[in-house]
2 protein chains.
Amino acid sequence: MVKQKRVTSYDVAREAGVSQSAVSRVFRPGFSVSKKTREKVLKTANAMGYRPNAIARMLITQQSGMVAVIISSRANENYPEVLSQLNKNLSEKNKKVLLFTLDDSAGLDDVMEQIWTFQVDGVIALAAHFDHTNLEQFANHNVPVVLYNRHAPEANANSVCCNHDKGIKQLVDKLIETKHKSFLILSGPEDSDVANERREVAIDKLKYYGIADVPVIYGDYNYHDARHSFSQWAKDNPLPDAVIAANDIMAIGVIDEARENLNLSTPEDLSVVGFDGVLAASLFNYQITTVKQPLEQLTKAAVDMLLERIENPDSSPESRVLSGTFIEGQSVKPRTR
Amino acid sequence: MVKQKRVTSYDVAREAGVSQSAVSRVFRPGFSVSKKTREKVLKTANAMGYRPNAIARMLITQQSGMVAVIISSRANENYPEVLSQLNKNLSEKNKKVLLFTLDDSAGLDDVMEQIWTFQVDGVIALAAHFDHTNLEQFANHNVPVVLYNRHAPEANANSVCCNHDKGIKQLVDKLIETKHKSFLILSGPEDSDVANERREVAIDKLKYYGIADVPVIYGDYNYHDARHSFSQWAKDNPLPDAVIAANDIMAIGVIDEARENLNLSTPEDLSVVGFDGVLAASLFNYQITTVKQPLEQLTKAAVDMLLERIENPDSSPESRVLSGTFIEGQSVKPRTR
DNA sequence: ATTAATAATGACTTCGAATGCAAAAATTAT
DNA sequence: ATAATTTTTGCATTCGAAGTCATTATTAAT
């Protein structure tokens, strides 16, 4: 029942008969301490259960050792894995993850305030849409930023991004090859950069093949939205040959809505393609034709870039684009007519 | 290109013609400052872009304002949502989430060291299996702990837990009602407390109905493990009427394996029940009969309990158990024979 | 108007580790 | 053995806000 008092470096120093500086140096890698004192200090420190206080260290070194990871609350099926990977990669570099979720863009100012306050060493932003002003603010505060899955070569920030462009083109090519003639695009939300990119690339590529005025409907990247949007649209529009969904979950939503309420099977009556390569897309009953994002490489690249930038703040912004893997599923069937 | 120097409370004080203490008090809620000084300070602070330094504050107040959330890397489909909910609830109480992932129990010591180091205000542990010693250590360091989804009334820690017991019983009852006679249990990993509880309750309940020696196979809570375990088992064992899977994803794995490689349909040839109520379980092509965990309530309870404990460290440990919702899907069909 | 009570303020210390600097000790060179 | 060099060491200061305490300004009471 003893109110355990924290053991400080002074306590250890007194006990070991050395100065506080000596204790400090023992726990700082790469500082010169004689073997004798090192051992002496280590022994008493262990005996007393001493651990350096990270907070005090942060204050004096001006480095928190924490990286802010900002996640928009828009559920993306990949995030859990991305988050876990980021955390793993960052842990290996002795950085901790401080988590921020962003409900809407309104909250961004608040998040930024907090970020200054916590003196994080850097920021990895998943799907939060920062504008120029935001990025400038980060730059002014000397906080390096890596944008995850947002291609922003023009901005003064590092970014790592899956090659949505290429992936969408592969999917469209596939649909054209298999003689699909009419299309519907189920885009992600309009305030998502990734969604906009995927949609525009699809439109452009279809136009390239001579198919213009492709109808577009929207959904918030989730299953129920997809079902709802698609059923609304299907009410008073002719059925397309193929639906190009912004992600796998929405592709599944379309397939289910078609099956349950329109009595249409995929791929017999309707081809559907997705994007991301999440687990659900690979389930036997769906097997979506999609493009799998290279998550491990993306997260690893994000962390590497951030650390590079932290260590070398004046290195120029870099933008990495990694290609996904085209996965041929069972959700596309060649059209004969 | 100006190396922006941090603005401190001293800077603001000087500029506003007051003392540093005054500035500090303005930014501390509930401290007495005259309206005049408050306004003066706020104005200059804003003009200078001053934000109190959280690190310095932590050091002096001995409160980091951070809560460690420990997640085992074992992918649980619920975690992303749990994490996001926890973060949301904690943010509202002005706590930040510091994320720790735990690869295996070996890493626990390291995580605990870090936790002391960061002086977190409390810990929420998802699925990490702490033993008595661990919990004692937390107690010794005066770090309140809430165990999430682990029923531990004996331990000196708070816990919040879905009523797995009741849920499993409902599922078994359903299977018995519908005249299932032979069973197979697909348990989660043996080192997971939740998995063990779900398995044992199922075994007990079946025994209560006079069904003993129910075979048990194992899987690591994931799809591919489930498929593999089930196919191995099916090779040289008679098919059961029903499979009781430890979670929805494994239930889906069983259904897919049965369909793809054993040419069996669910529920015609094989009934399957899951647990959790994840999105995938509700997809049209699966519609698993399952029990949905009350995630929002669980996370809210976890946060409430933790904060209560932080504010009132001597309150006695509490254990809350919340019931899930039984969801009747299409994966169970009454047997006639 | 004078005293009593209350509110506001600033000087100074504190939290715990890191580090520049000068002094001391250990090592090497002569 | 002495000087020159290098390595260790400890003192004192720093990081930035919070809070204690004594002092001063303000308000209320008589």
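**Group meeting: cores and interface of a two-chain model**

I'll start with the largest nonpolar core, which has 88 residues; those touching the most other members are A:I124, A:L126, A:Y148, B:V69, B:I124, B:L126 and B:Y148. A nonpolar core here is a set of buried Ala, Val, Leu, Ile, Met, Phe, Trp, Tyr and Cys residues joined through side-chain atoms within 4.5 Å. Buried means under 20% relative accessible area, exposed over 50%, and partly exposed in between, with a 1.4 Å probe and protein chains only. Another core lies apart from it, with 58 residues, among them A:L184, A:Y221, A:A245 and B:V254.

Some bookkeeping. This is a predicted model: local features need pLDDT of at least 70 and side-chain atom pairs count only at pLDDT 80 or more, while totals for chains, interfaces and linings use all residues. Residues are numbered from 1 along each chain as its sequence is written, chains are lettered from A in the order in which they are written, and side-chain values use heavy atoms, with hydrogens and water left out.

Back to B:I124. Leaving out residues up to four places away in sequence, B:I124 touches B:V67, B:A68, B:V69, B:I70, B:L86, B:L90, B:V146, B:Y148, B:V303 and B:L306. Contact means heavy atoms within 4.5 Å.

Next, the two chains. A turn of 180° and a shift of 0.1 Å along the axis lay chain A on chain B with an RMSD of 0.1 Å, superposed by least squares on the C-alpha atoms of residues with pLDDT of at least 70 in both. The two copies are therefore related as by a two-fold rotation axis. Both copies use the same surface, as 95% of the contact residues of chain A recur in chain B.

Now the interface itself. Chain A puts 44 residues into the contact and chain B 42 residues. The buried area is about 4,500 Å², with carbon and sulfur atoms giving 62%; that is the accessible area (1.4 Å probe) that two parts lose on being put together, summed over both. On the chain A side, A:I55, A:K96 and A:F284 lose the most area to chain B, together 15% of what that side buries.

How many salt bridges cross the interface of chain A and chain B? The rule finds 2, where a side-chain nitrogen of Lys or Arg must lie within 4 Å of a carboxyl oxygen of Asp or Glu. A:R51 forms a salt bridge with B:E113, with the closest N and O atoms 3.3 Å apart.
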